[in-house]
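Below is a set of questions and answers on one protein model. Please read them with the structure open.

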Amino acid sequence: MIRPAREEDAGAVAAIYAPEVLEGIATFELVPPDAAEIARRMAAGEGRYPWLVWEEAGAVAGYAYASAYRARAAYDRTAETTVYVAREAQGRGVGWRLYAALIERLTADGFTQALGVISLPNEASVALHEALGFRQVARLERVGCKFGRWLDVGYWQRRLAREGA
């Protein structure tokens, strides 16, 4: 079941995220944030940027959220989007359903563009974004170094609501 994230979900979200921080390249963070930091990040969106969770059997098995792309006012209808799924829940469509729900919510809220920022290589994330209508618009070469390895970052973009004045 997909539902809005609550402050009490912060510990579960931190637990899902930590293995990717410590072992993966999907994020360039090097130290996993604790539940208090995740709760702070959730609250930082002030209701404008949604956080959603996938709950099954009473436990959070994935989450998706939006955040500001940039701080300048002219970007206020563009959101950066993110999704993570617990390893034991991967491969069952959880990420797709969460991300689709996030896109639907952003569209309803009047956002016009969604941007997925993907460290490369990451075939699963690229496939997920493209299955949901994102297209690659940029690639920045060797911009992050993790585990002694230089990594590229790609930008995938999806149009949401129609632009209007």
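**Salt bridges, core and backbone**

At 38% relative accessibility, Asp109 counts as partly exposed, a class that lies between buried (under 20% relative accessible area) and exposed (over 50%), with a 1.4 Å probe and protein chains only. This is a predicted model, in which local features need pLDDT of at least 70 and side-chain atom pairs count only at pLDDT 80 or more, while totals for chains, interfaces and linings use all residues. Residues are numbered from 1 along each chain as its sequence is written, and side-chain values use heavy atoms, with hydrogens and water left out.

Q: With which residue does Asp109 form a salt bridge?
A: Asp109 has its place in the loop between helix 3 and strand 5; helices (H or I, at least four residues) and strands (E, at least two) are DSSP runs, numbered from the N terminus. A salt bridge needs a side-chain nitrogen of Lys or Arg within 4 Å of a carboxyl oxygen of Asp or Glu. Here the closest N and O atoms are 3.1 Å apart, and the partner is partly exposed at 31%. That partner is Arg105.

Q: How far apart in space, C-alpha to C-alpha, are Asp109 and Arg77?
A: In sequence, Asp109 and Arg77 are 32 residues apart. In space, their C-alpha to C-alpha distance is 9.1 Å.

Q: Are Arg3 and Asp9 buried or exposed?
A: These two residues form a salt bridge, with the closest N and O atoms 2.8 Å apart. Arg3 has a relative accessible area of 9%, and Asp9 has one of 6%. Because both values fall under 20%, Arg3 and Asp9 are buried.

Q: Which residues are linked with Glu37 in a network of salt bridges?
A: Glu37 forms a salt bridge with Arg40, the closest N and O atoms being 2.8 Å apart. Glu37 and Arg40 are 3 residues apart in helix 2, which means about one helical turn between them. Glu37 is partly exposed at 23%, and Arg40 is partly exposed at 47%. The residues linked with Glu37 in the network are Glu29, Arg40 and Arg41.

Q: Which element gives the largest share of the largest nonpolar core?
A: A nonpolar core is a set of buried Ala, Val, Leu, Ile, Met, Phe, Trp, Tyr and Cys residues joined through side-chain atoms within 4.5 Å. The largest one has 26 residues, of which Leu98, Tyr99, Leu102, Leu106 and Phe134 touch the most other members. Two or more residues each come from strand 2 (51-56), strand 3 (59-68), strand 4 (78-85), helix 3 (94-108), strand 5 (113-120) and helix 4 (123-131). The largest share, 6 residues, comes from helix 3.

Q: Which residues does Leu106 touch, not counting residues up to four places away in sequence?
A: Contact means heavy atoms within 4.5 Å. By that rule, Leu106 touches Pro50, Ala66, Ala79, Thr81, Phe111 and Leu160.

Q: Why do the buried residues of helix 4 line one face of the helix?
A: Ser125, Val126, Leu128 and His129 are buried in helix 4, whereas Glu123, Ala124 and Ala131 are exposed on the other side. The cover over the buried residues includes strand 4, helix 3, strand 5 and strand 7 (149-159). The arc is taken from the directions from the helix axis to the C-beta atoms. Seen down the axis, the buried residues line one face because they fall within an arc of 160 degrees.

Q: What is the omega of the cis peptide bond that joins Leu120 and Pro121?
A: Most peptide bonds are trans. Pro121 is found in the loop between strand 5 and helix 4. The bond from Leu120 to Pro121 is cis, with an omega of about 5 degrees.

Q: Which residue in the loop between strand 6 (135-146) and strand 7 has a positive phi?
A: Most residues other than glycine have a negative phi. Ala57, in the loop between strand 2 and strand 3, has a positive phi near 50 degrees and is exposed at 88%. In the loop between strand 6 and strand 7, a residue that is not a glycine has a phi of about 60 degrees, and that residue is Phe147.
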